[in-house]
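Visitor: I'd like to learn how to read a model like this one, feature by feature. Where do we start?

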Amino acid sequence: MGEGRFDAIVIGAGFGGASCAALLARAGRKVLVIEKNNLAGGKTMSHARKGFRYSPWPIIGAPLGGSWASRLVADLGIGEHARLVKVQGRSMYRTPDGTFAPMPSSGSDALDPNVLFDWLRVPAAERTAVLEFMMMLSLMPPDEVAKLEGRDFHGWVQPFGLPASVHAFLVSNCLDDMYMVPSDQLDCAEAVSGLQKVLLGGGGQFCLGGWGVLAEACCAYVGAHGGEVLTGTRVQRIVIDDGAVAGVETEDGTIHRSATVISNAGIQPTVLRLAGARHFDADYVERIGKLLPSHALVGYRYFLGEPVLDYGYSVIFSNTSAWSRQRFEDAHAGKASREGFVLVEVPSNYDPGHAPAGRQLVMSASMCPADPEMSRDDVKAWADAGEAILFAAHPELASRIEEKVLYTAKSVSNATRDAAVPGAGGETIGIAQIVGQAGRAKPSIRTPVEGLWIVGCDAGGTGVGTQQAIESGYVVAEAVLG
Ligand SMILES: Cc1cc2nc3c(=O)[nH]c(=O)nc-3n(C[C@H](O)[C@H](O)[C@H](O)COP(=O)(O)OP(=O)(O)OC[C@H]3O[C@@H](n4cnc5c(N)ncnc54)[C@H](O)[C@@H]3O)c2cc1C
């Protein structure tokens, strides 16, 4: 039996669990956080290697203005430990003639339409119509946005007949890499509200030392406010007595007691494994089991002998890189191109202290199925498709690589959530924000078992991965506090 009793136990210190735990501690609750890794952060957990310190893969915070991360840092007063910075990115548009055109800086966080139109080569005759569309999209009131729930973004945007480059910018440069699902599956209300935030608020927020530092700071806050944080400790089972939560059991058999357990381990692993299907009715279990994950991101960490790239982050895209459901499935079967957007992050260009002098780390990411059981060759084919685009954009890169490390959907699953259903576990975000799984159709933060809550990307939040995890942390903390 574990020592003492806690007001709440939080399983997992990803952004959802860590933020929720800290907010409960701020409200005076005695909280126990149990994290299976040795560090907090989950999908954002900071890594250190050969004098480099970095997020495990490219993680671009967006929006910049009004970000949940900024609010959390301010509310907890942890800005000294988790230092958030604004980084000027440089998206790259591969034009139909094959040249890579970097996006010019507009000098402000919000997007300047003229800069955008010149860069995307929008013909003069079409600019007024595109501008009207962008204004309508950016300024659509929340009640109108909400009415788009249940439709897919592609079906909604298609009739506007946007120029191919503008469509590519919105879908491939923005939505595909914000939500990790093709736009003909993506819920339109999620898509439009997400676009509004980045078009008006900009993107490119990072945390010095890697985003994981923010989750570490939340856990330190819990420790300093009457709680406890156990790292390197896996929860094996959620203890349920007479239909209500009673605590958790860790893998060494210790039982920690609380009537409130908040799980950041993913809704499917929580319901189907940690709690166990027998505690829920068959309809709930069936619904949870059928939820689809977002796709994965896979790519390489390139350790370079000298600095090559001069930007902090980039998204490379073209008129043909936007994903559709069919092309993604065909690509998975080896029958269609694997060309998609490529995310690039160069941490030492915004955080020079985190690379040895004169060296550089470049990280790439491109979309891939979330199945952690995919063969290494299959995963490599996806990562190599992204690499080919990266090297085409930066021909000088390949010869400067001293070491490259592949990360896969399996790496993501190992570091974060278990695969509780076939094909899931390596997802970039969590439950996909697709039609039928977003907005009012998103799983509830409350489970049918009294006292068992879900926090993180699977419930309670909206928007881009890191943002919706923290938003969920706020929503769950507020609901638990009553
Ligand atoms: C390759 C990649 C690139 C990404 N890029 C971006 C980006 O550019 N921008 C962006 O906003 N987001 C990005 N994301 C997504 C973002 O990182 C996630 O959406 C977000 O961090 C998820 O937070 P979470 O709280 O839902 O869960 P997680 O981060 O999955 O955290 C869950 C935590 O629970 C712990 N846990 C699980 N089971 C147990 C157990 N049984 N016992 C104890 N602990 C347990 C895990 O170890 C983990 O720490 C990216 C993700 C990946 C993988």
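Guide: Let's start with a cut-off: a residue is buried under 20% relative accessible area, exposed over 50%, and partly exposed in between. Keep in mind that this is a predicted model. Now take Gln 158: its relative accessibility is 45%, so Gln 158 counts as partly exposed. You'll find Gln 158 in the loop between helix 6 (153-157) and helix 7 (164-179).

Visitor: How many Å separate the C-alpha atoms of Gln 158 and Ser 411?

Guide: The separation is 36 Å, for two residues 253 apart along the chain.

Visitor: Let's try a helix. Which residues of helix 11 are buried?

Guide: First the general idea: an α-helix has 3.6 residues a turn, so residues three or four places apart point the same way. In helix 11 (residues 282-290), the buried ones are Tyr 284, Val 285 and Ile 288. Because they span an arc of only 95° around the axis, they sit on the same side of helix 11.

Visitor: What do the buried residues of helix 11 pack against?

Guide: Their partner is helix 10 (267-276). Turn to the face of helix 11 that points away from the buried side, and you meet the exposed residues Ala 282, Asp 283 and Lys 290.

Visitor: And what does Asp 281 do at the start of helix 11?

Guide: One of the side-chain oxygens of Asp 281 comes to within 3.1 Å of the backbone nitrogen of Asp 283.

Visitor: Now the backbone angles. Which residues that are not glycine have a positive phi?

Guide: Two cases to look at are Arg 121, with phi near 55°, and Asp 242, at about 50°. Arg 121 belongs to the loop between helix 3 (113-119) and helix 4 (124-139). Asp 242 is in the loop between strand 10 (235-241) and strand 11 (244-250).

Visitor: Are those two buried or exposed?

Guide: Use the cut-offs again. Asp 242 has a relative accessible area of 83%, so Asp 242 is exposed. Arg 121 has 47% relative accessibility and therefore counts as partly exposed.

Visitor: What about peptide bonds? Which kind joins Ala 62 and Pro 63?

Guide: That one is cis, and omega is about 0°. Pro 63 is part of the loop between strand 4 (52-54) and helix 2 (68-76).

Visitor: Let's do a residue in a strand. Is Ser 318 buried or exposed?

Guide: Ser 318, in strand 15 (residues 313-318), has 4% relative accessibility, so Ser 318 counts as buried.

Visitor: Which residues does Ser 318 touch?

Guide: Leaving out residues up to four places away in sequence, Ser 318 touches Tyr 93, Arg 94, Ala 168 and Glu 339. With Glu 339 there is a polar contact between the two side chains, at 2.7 Å.

Visitor: Last one, pockets. How many residues line the second largest pocket, and which lie nearest its centre?

Guide: The lining has 22 residues, and those nearest the centre are Gln 185, Leu 292, Pro 293, His 295 and Phe 328. The space in this pocket is about 390 Å³.

Visitor: Which element gives the largest share of that lining, and what classes of residue are in it?

Guide: Helix 12 (residues 325-332) gives the largest share, 4 residues. By class, the lining of the second largest pocket holds 13 nonpolar, 6 polar and 3 charged residues.

Terms used: Residues are numbered from 1 along each chain as its sequence is written. This is a predicted model: local features need pLDDT of at least 70, side-chain atom pairs count only at pLDDT 80 or more; totals for chains, interfaces and linings use all residues. Side-chain values use heavy atoms; hydrogens and water are left out. On a 1 Å grid over the protein atoms alone, a cavity is a set of points where a 1.4 Å probe fits but cannot get out, and a pocket is an open set with protein on both sides within 12 Å along at least five of seven lines; lining residues have an atom within 4 Å of a point. Grid points are joined across faces, edges and corners, and a volume is the space filled by probe spheres set on the points. Helices (H or I, at least four residues) and strands (E, at least two) are DSSP runs, numbered from the N terminus. Ala, Val, Leu, Ile, Met, Phe, Trp, Tyr, Cys and Pro count as nonpolar, Asp, Glu, Lys and Arg as charged, and the others, Gly among them, as polar. Buried means under 20% relative accessible area, exposed over 50%, partly exposed in between (1.4 Å probe, protein chains only). The arc is that of the directions from the helix axis to the C-beta atoms. Contact means heavy atoms within 4.5 Å. A polar contact is a pair of N or O atoms within 3.5 Å; within protein, one must be able to donate a hydrogen and the other to accept it, and residues adjacent in sequence count only if both atoms are side-chain atoms.
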